[in-house]
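Please look through the following structure with me, and then work through a few questions and answers about its parts.

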Amino acid sequence: MAAAAPVREPRGLPAGADRPGLAERARIRLAEMIVTLQLEPGSLCTAPELAERIGFGRTPVREALKRLEQEHLVRIVERHGVRITDINADEQLRMLETRRALERIVAGRAARLRTDAESARFGAFARSLRAIGRSGEVIEFVRLHPDASRLAMAAARNRFAAAALEPLHAMSRRFYVYHHRKARDLQRACEHHARVMRAIADGDEAGAVRASDEVLDYVEAFTRATLAEGR
């Protein structure tokens, strides 16, 4: 059996926050495997297989899968196992309506409420996103994006918006990985996200909301282009 990949600790946690428990660490690892298509859309697997693959016990993996089902990344099929959900552009567009409203709340509040320490970290994320855009490494983008988003949600001090937004991000990241090779526009995507980080770092509430809208305009156009190609 191949050695289990190490679980990457999230980098967007606020200072002093508790490290994630086993079930959450398993969820983070499985979510990354789903988003990066290591677990293919529509494929069927079992909890024991996944536990062996990522090097976790079966109990935290089962708990992780329950959470991933709530996030629309898997569907637990009684007596058959776990099915990785398919990617659907129509559903993606409906999801983006909700995501747009939540992103505006988080971006604006984060710019208004962020601490000096958080501001420095937002600036670092902006620089990292631009560097990834130049490198063309999409996997690095989908690894960094949840960390940057987690910091924004923490800085916004609104746990309700954060709880609703995090699974929508995972759906969007997987959709982007699945279709990005046709678009070849990673630098553009990273630049849009970097502008949100930079505006939050600067405490520019109106600019952060505007940059957030620009991200969603880009994501919606990207999604509609994939629909047009499929017709």
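Helices are DSSP runs of H or I with at least four residues, and they are numbered from the N terminus. The model discussed here is a predicted one.

Q: Which element gives the largest share of the lining of the second largest pocket?
A: The second largest pocket has a volume of about 220 Å³. Of the 13 residues that line this pocket, those closest to its centre include His-72, Asp-86 and Glu-91. The elements that give two or more residues to the lining are α4 and α7 (159–183), and the largest share, four residues, comes from α7.

Q: Which class of residue, nonpolar, polar or charged, has six residues in the lining of the second largest pocket?
A: When the lining is sorted by class, three residues are charged and four are polar. The class with six residues is nonpolar.

Q: Is Arg-99 buried or exposed?
A: Arg-99 is found in helix α4, which covers residues 89–113. Not counting residues up to four places away in sequence, Arg-99 touches several residues, among them Leu-165, His-169, His-193 and Val-219. Buried means a relative accessible area under 20%, and because the value for Arg-99 is 2%, this residue is buried.

Q: Which helix gives the most residues to the largest nonpolar core?
A: The largest nonpolar core has 71 residues, and Ile-200 is one of those with the most contacts inside it. The helix that gives the most to this core, with ten residues, spans residues 138–156 and is α6.

Conventions: Residues are numbered from 1 along each chain as its sequence is written. This is a predicted model: local features need pLDDT of at least 70, side-chain atom pairs count only at pLDDT 80 or more; totals for chains, interfaces and linings use all residues. Side-chain values use heavy atoms; hydrogens and water are left out. Buried means under 20% relative accessible area, exposed over 50%, partly exposed in between (1.4 Å probe, protein chains only). Contact means heavy atoms within 4.5 Å. A nonpolar core is a set of buried Ala, Val, Leu, Ile, Met, Phe, Trp, Tyr and Cys residues joined through side-chain atoms within 4.5 Å. On a 1 Å grid over the protein atoms alone, a cavity is a set of points where a 1.4 Å probe fits but cannot get out, and a pocket is an open set with protein on both sides within 12 Å along at least five of seven lines; lining residues have an atom within 4 Å of a point. Grid points are joined across faces, edges and corners, and a volume is the space filled by probe spheres set on the points. Ala, Val, Leu, Ile, Met, Phe, Trp, Tyr, Cys and Pro count as nonpolar, Asp, Glu, Lys and Arg as charged, and the others, Gly among them, as polar.
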